[in-house]
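Me: Could you walk me through this one? I'd like to go over the chain contact first, and then a sheet.

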Amino acid sequence: MSTHDDGSGAHMRVRRYSGSARINHWIVAISFVLLLLSGLSLFHPSLFWLAGLFGGGTTVRWLHPWIGVVLVVGFIGLFLRFFAQNLPERTDWVWLARIRHVLKGDDEYLPEVGKYNAGQKFVFWSQSILVIVLFVTGLGLWAPGLAYVEGLFGFKATIDQLRMAALIHAGAAVLAITIWIVHVYAAIWVRGTISAMTRGFVTGGWGWRHHRKWLRKEVGHDERSRVTPAE
Amino acid sequence: MFPAIPNPTTDKSNARFGEKDMIRRSASTITPPAKRQTEVAKLIDVSKCIGCKACQTACLEWNQLTEEVGVNVGVYDNPHDLTANSWTLMRYTEYENPESGNLEWLIRKDGCMHCEDPGCLKACPSPGAIVQYSNGIVDFVKENCIGCGYCIKGCPFNIPRISRADHKAYKCTLCSDRVAVGQGPACQKACPTQAIVFGTKDEMKAWAAKRIADLKSRGFAKAGLYDPPGVQGTHVMYVLHHADKPQLYAGLAENPRISPIVEAWKGVGKYAGLALIGLTAAAGVIHHLLQGPNRVTSEDEENAEKLAGGKS
């Protein structure tokens, strides 16, 4: 914890993400955007021009699956880092029941939230499931990957399974993109959030307003064991 | 005998069909020509086939393809399946007819059926990689193919194959290059028994009717034409002695149609997906316009500092 002058007045800064967590998130974020652009180019003819960003449809065909592999590995890192703080709690239901206040930005009517609120937890768990679905169904659309997996497990996918894989892959991708839009929008709408992703810090006021339970813990953390016996 | 197609002249002649005759182009919206060309068709009379594989050889020869030397596993099928080089394949089935007690050797020349409603074209995401001409020929355009293999998922007959050499999809072209100069396909030309004949679709239907009448007179009561309506008919048709049981012929599809899964994937699914993404983005913009940003107040900052100060 420290104070610094960011030009808008000195505010207390609270550390939210370590450097390695931010790099991990950047890897997933960049690969997600590349997957989104390359995937959409094959999703609908009106978006095929997006393939030009990668050097054409042929490049998209072989590159997209490998970016997917990068995302999966990166996402496993994020999952292991954050899943404990994303476990559901009783207050999540209260938060969800007051979703109207959330949308109005009336944070004072909401219960005190730990590191993640119910909305963030929803993003976390739904993307976790969708990444698994996209990876498994993506194998059905990736000839070399499919041949490898079939050899590994000694089975042969039927044509209807592969057709289903294509359908589910497209559907899961649409959901993942939709949730990603919510994720990005929330970070933009709730001002002061982006610095957590880029610099790893948020202001104390941001913590007080949106994640008070988390802030209390962070503030108490250094001193609790030494100075104050218990809260 | 069906009248033989005369050899072409050696004079230069214009192609009889081309880009202006496209009625469908993958991942593209095109205006089909006002006038459709006469539909062509290849008729494969399974009852006349002697299994000599001249058609397979002629196909490799004309298209300048080479098949790998395979392994004999005790069946006549060679190669064992269609490949990116073998665009046609004789499939041999030994069938013991329970009614007559006869052993029947059913030999079906497999390959692209040139569907009127082609599933490969429907599934293809690459503009112009698959085209359909108004004479009924469905052709793959190599330069536009990206090798994704969606055509394989779209095909109700399991025909296209991706080359391991250049990662592009291949299948029978119905010898579109030969047809363009008034010739029949190479396989038809090579067939020694006229088990393969080529002409307009109407001619082929009329010829098939004669063949079917003949087969019926020889005791094949269920003889018939295979021109499946599920894909709005095909431009490669079979005369089958057991038209009621196409599955007998190395698993020829009973009622082929574009899979409903592919229809959902390529049809309503696309628009629903784009709509959902668009609406979510729009909801974000509208929410921000109506609500304005959710800013941290100076009061929040003071409270945080108080909290931190109180602790230390």
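Me: How many residues does the contact take from chain A and from chain B?
Reply: Happy to help, and please keep in mind that this is a predicted model. The contact takes 46 residues from chain A and 43 residues from chain B.

Me: Which element gives the largest share of the side of chain A that touches chain B?
Reply: The elements that give two or more residues to that side include β2 (10-15), α1 (19-43), α2 (57-82) and α7 of chain A. By class, the side has 25 nonpolar, 13 polar and eight charged residues. The largest share, 16 residues, comes from α7(A).

Me: Are α7(A) and α8(B) roughly parallel or roughly antiparallel to each other?
Reply: Helix α7 (residues 159-189) of chain A packs against helix α8 (residues 268-291) of chain B at an angle of about 5°, with the axes 10 Å apart. Angles under 35 degrees count as roughly parallel. The two helices, α7(A) and α8(B), are therefore roughly parallel.

Me: What classes of residue make the contact of α7(A) with α8(B)?
Reply: Among the residues in this contact are Leu167(A), Val174(A) and Trp189(A) of α7(A), and Gly273(B), Leu276(B) and His288(B) of α8(B). By class, the contact has 11 nonpolar, seven polar and no charged residues.

Me: Now the sheet: which residue stands opposite Gln132(B) in β6(B)?
Reply: In chain B, three strands form an open, antiparallel sheet in the order β1-β5-β6. Strand β5 (residues 130-133) of chain B is joined to β6(B) by three bridges. Opposite Gln132(B), in β6(B), stands Val138(B).

Definitions and conventions
Residues are numbered from 1 along each chain as its sequence is written. Chains are lettered from A and ligands numbered from 1 in the order in which they are written. This is a predicted model: local features need pLDDT of at least 70, side-chain atom pairs count only at pLDDT 80 or more; totals for chains, interfaces and linings use all residues. Axes are lines fitted to C-alpha atoms, for helices over the stretch in contact, and angles run from 0 to 180 degrees between N-to-C directions. Helices (H or I, at least four residues) and strands (E, at least two) are DSSP runs, numbered from the N terminus. Angles under 35 degrees count as roughly parallel, over 145 as roughly antiparallel, 65 to 115 as roughly perpendicular and the rest as oblique. Two residues are in contact if their C-beta atoms, placed from the backbone, lie within 7 Å. Ala, Val, Leu, Ile, Met, Phe, Trp, Tyr, Cys and Pro count as nonpolar, Asp, Glu, Lys and Arg as charged, and the others, Gly among them, as polar. Two strands pair if DSSP finds at least two bridges between them.
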